[in-house]
Amino acid sequence: MRLLAILPVVLTMAACAEGERGTALQPLPPGAQALSLSGDTLYPPTQTDDVRAGNEQRLAAAREAYEADPGSADALIWLGRRTAYLGRYREAIEIYTTGIDEHRDDARMYRHRGHRYLSVRRFDLATADLQHAAELIRGTTDEVEPDGIPNARNIPTSTLHFNIWYHLGLAQYLVGRYDDALDAYRECLQVSNNPDAKVATSYWLYMTLRRLERDSEAEAVLASIGPDMDIIENQSYHRLLLLNKGQLSREDLLDTGGEDDVPLANATVGYGVGMWLALGGRTPEAEEAWQAVLAGSQWAAFGFIAAEAEMAR
């Protein structure tokens, strides 16, 4: 059965267009960052004391660098990124809006603001920013995007073009615009030039094709995914693809070798297992998986947002 559905009024309200890019966000209580798709007020996700202290230290350094050179686009981007890593997404959006005012042709500003509009559930504004970023990068040379938090090998795995198409695809997928998401993910796959990027893009591309009932094309996506791929950081997407390919079981996905005491609280895995169940016609079990994700605290994770969207349908 086709899983296409129109999201209810609450999602439409969260994503309704209110004007040009940069429209002010709705007022919220002090410290609140967003409204969930079910109307809950969301505050910055919890962080351990060590993680928060490290993020605050890096933010202070980024602010010092920006104050020393306020005309630097790079310094402003890092100020926004470091602010967002503390869960202060609305403040980060304001920083990128300043960056757009000062660097109107810099696609990075729209890329990063679009990402944070996704975090606060403004899918309309995210789509507008990311579409504009996609226009700005056409015909340009791609560039590696440095990691804010380096992976285990200290090897960045994404690029500017990748991140623009990836986030644009997600913004459209979340509101059920699967044909548009498909176009974005096909573009993204063209610039997914390492195994980590490939499995991340392939996962959402596969899901988009399944939603469109283009199952043979979805199976073709899985054909290029194997168990021996050299994955640095996107193990969850890799394992989910192998689950859908039939090379891993649900139990394999939930067995994290002690890395996570509550595996379904891992938003990526929880959402992905739920989708695997839903595509297999096991809707009640799928909803249980998504509810387990929503019981967690990391509401800015894409898997969490996607689980919210599924439960709002």
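I began with the charged pairs and found that the structure, which is a predicted model, holds 17 salt bridges.

**Entry on R153 and D230.** I looked up R153 and noted that R153 forms a salt bridge with D230, with the closest N and O atoms 2.6 Å apart. I placed R153 in the loop between α6 (123–137) and α7, and D230 in the loop between α10 (215–223) and α11 (235–245), so this pair ties together parts that are 77 residues apart in sequence. I then asked whether R153 is buried or exposed. The relative accessible area of R153 is 43%, and I therefore entered this residue as partly exposed, since that class lies between 20% and 50%. D230 has 44% relative accessibility and also went down as partly exposed.

**Entry on R186 and E217.** Next I turned to R186, which forms a salt bridge with E217, the closest N and O atoms being 2.8 Å apart. This pair links distant parts of the chain, with R186 in helix α8 (residues 178–190) and E217 in helix α10, 31 residues apart. For accessibility I wrote down 34% for R186, which counts as partly exposed, and 28% for E217, which counts as partly exposed as well.

**Entry on other charged pairs.** I found a salt bridge between the side chains of D215 and R210, at 3.3 Å from N to O, and D215, at 37% relative accessibility, is partly exposed. I also noted a network of salt bridges that links D74, D106 and R108.

**Entry on the nonpolar core.** I then asked which residues have the most contacts inside the largest nonpolar core. They are Y166, Y203, W204 and Y271, in a core of 89 residues. Helix α7 (residues 160–174) gives the most to this core, contributing ten residues. I followed Y203 further and, leaving aside neighbours within four places in sequence, listed its contacts as Y237, L240, L241, N244, Y271, G272 and M275. Y271, which is on that list, is itself one of the residues with the most contacts inside the core.

**Entry on confidence.** Last, I checked how far the prediction can be read, and recorded a mean pLDDT of 90 for the protein, with 89% of its residues reaching 70 or more. Over residues 1–21 pLDDT stays under 50, although the model has 47 contacts beyond four places in sequence for them. Over residues 258–265 pLDDT likewise stays under 50, and here I noted nine contacts beyond four places in sequence.

Key: Residues are numbered from 1 along each chain as its sequence is written. This is a predicted model: local features need pLDDT of at least 70, side-chain atom pairs count only at pLDDT 80 or more; totals for chains, interfaces and linings use all residues. Side-chain values use heavy atoms; hydrogens and water are left out. A nonpolar core is a set of buried Ala, Val, Leu, Ile, Met, Phe, Trp, Tyr and Cys residues joined through side-chain atoms within 4.5 Å. Buried means under 20% relative accessible area, exposed over 50%, partly exposed in between (1.4 Å probe, protein chains only). Helices (H or I, at least four residues) and strands (E, at least two) are DSSP runs, numbered from the N terminus. Contact means heavy atoms within 4.5 Å. A salt bridge is a side-chain nitrogen of Lys or Arg within 4 Å of a carboxyl oxygen of Asp or Glu. pLDDT is the predictor's confidence in each residue, from 0 to 100.
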